[in-house]
Amino acid sequence: MIFLKTEDEIELMRAANLLVGSTLGELARHIRPGVSTAQLDKIADTYIRDHGAEPTFKGYPNPYGAPFPASICTSVNGCVVHGIPREEQILKDGDIISIDCGTLLNGFNGDSAYTFPVGEISEEVRALLQTTKDSLYKGIEQAVHGNYTGNIGQAVQDYCEARGYGVVRELTGHGIGREMHEEPQIPNYGKNGRGSKLKSGMCIAIEPMITMGKRHIWLAQDRWSIVTRDGKPAAHYEHTIAVRNGKADILSSFTEIEKIIRL
């Protein structure tokens with residue numbers, strides 16, 4: 001079932017999403033060579049709870065194994081999404097790390113992700129990050145009343161594949177509200193006019209997951225991390241938006257991140 005949100009509910013969702021943005025901004029201050037992904041998780045957990053919310057990823061159920069054990073997903077290099085923070089995983093110069101973060105605040109969820117460079121990254125990897133982020137906004141441009149989820153998917157797919165990148169198909173964006181994952185699914189590929197019709201008041205998370213090599217992925221032994229089969233880097237950016245007439249309303253924010261991080 002697809003739930004349309006009232007204006008009051010959308011504003012509650014905006015608050016939850018802006019908290020995600022400020023959490024990612026706080027993490028941006030700490031991302032550097034020598035930092036462990038577990039350290040980043042502790043920073044995020046403390047920041048979210050200090051601001052009156054709960055990290056929604058912690059304890060999230062897994063059909064393949066144990067619930068998710070951390071407050072953020074930390075996906076490094078060839079890990080596309082759902083990477084588990086670890087004490088032994090130390091960031092090094094030239095890495096990239098996608099951090100996906102969710103909060104539950106006043107009964108509503110926020111969800112956003114950003115791929116961060118660690119130190120100096122290659123121009124090839126920088127182009128992957130920029131293309132993935134640009135494709136997110138291409139998708140958002142299509143997230144308006146009267147369009148379809150296929151319009152979003154085609155915009156992302158066309159933009160990325162024209163530049164030689166792979167578009168992950170097994171994982172999608174999603175509706176969001178009182179639950180972290182609601183209907184409809186938002187694939188990053190598709191055709192205009194196909195899929196679920198978008199209506200004003202729908203809130204969805206759009207999240208391109210783009211690979212430098214082939215699009216094929218597999219599930220790692222930890223039963224959470226999704227990695228590229230060819231081991232090449234992947235990038236992931238995500239915004240939560242409210243569908244409107246004429247132009248989508250972006251509820252999350254990269255502003256605090258990009259005061260610190262420049263591609």
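This text leads through two helices and several backbone features of a predicted model.

Helix 2, spanning residues 37-50, is a suitable place to begin. Its 14 residues reach 20 Å from the first C-alpha to the last, close to the 20 Å expected at 1.5 Å a residue. Thr37, Ala38, Leu40, Asp41, Ala44, Asp45, Tyr47 and Ile48 are buried in helix 2. In an α-helix there are 3.6 residues a turn, so residues three or four places apart point the same way. The buried residues of helix 2 pack against helix 1 (7-28) and against three strands: strand 1 (54-55), strand 2 (72-76) and strand 4 (96-105). Just after helix 2, Gly52 takes a positive phi of about 80 degrees.

The second helix to consider is helix 3, at residues 123-141. Helix 3 has 19 residues and reaches 27 Å from its first C-alpha to its last, close to the 27 Å expected at 1.5 Å a residue. Its buried residues include the nonpolar side chains of Val125, Leu128, Leu129, Leu136 and Ile140, but Arg126 and Lys133 are buried as well.

Helix 3 packs with helix 4 (residues 149-161) at an angle of about 150 degrees, and the two axes lie 8 Å apart. Angles over 145 degrees count as roughly antiparallel, and helix 3 and helix 4 are therefore roughly antiparallel to each other. The crossing of helix 3 past helix 4 is right-handed. On the side of helix 3, the contact is made by Thr131, Asp134, Ser135, Lys138 and Gly139, and on the side of helix 4 by Ile152, Ala155, Val156, Tyr159 and Cys160. By class, the residues of this contact divide into 5 nonpolar, 3 polar and 2 charged. Of the helix 3 residues in the contact, Thr131, Ser135 and Gly139 are among those that are buried.

The backbone also deserves attention outside these helices. Most residues other than glycine have a negative phi, and most peptide bonds are trans. His82, although not a glycine, has a positive phi of about 70 degrees. His82 lies in the loop between strand 3 (79-81) and strand 4, and its relative accessibility of 26% makes it partly exposed. Asn106, also not a glycine, has a positive phi of about 55 degrees. Asn106 is found in the loop between strand 4 and strand 5 (108-117), where it is exposed, with a relative accessible area of 56%. Finally, a cis peptide bond joins Glu183 and Pro184, with omega about 0 degrees; Pro184 is placed in strand 8, residues 182-186.

Key: Residues are numbered from 1 along each chain as its sequence is written. Side-chain values use heavy atoms; hydrogens and water are left out. Axes are lines fitted to C-alpha atoms, for helices over the stretch in contact, and angles run from 0 to 180 degrees between N-to-C directions. Helices (H or I, at least four residues) and strands (E, at least two) are DSSP runs, numbered from the N terminus. Angles under 35 degrees count as roughly parallel, over 145 as roughly antiparallel, 65 to 115 as roughly perpendicular and the rest as oblique. A crossing is left-handed if the near helix is turned anticlockwise from the far one by less than a right angle, and right-handed if clockwise. Contact means heavy atoms within 4.5 Å. The expected span of a helix is 1.5 Å times one less than its number of residues. Buried means under 20% relative accessible area, exposed over 50%, partly exposed in between (1.4 Å probe, protein chains only).
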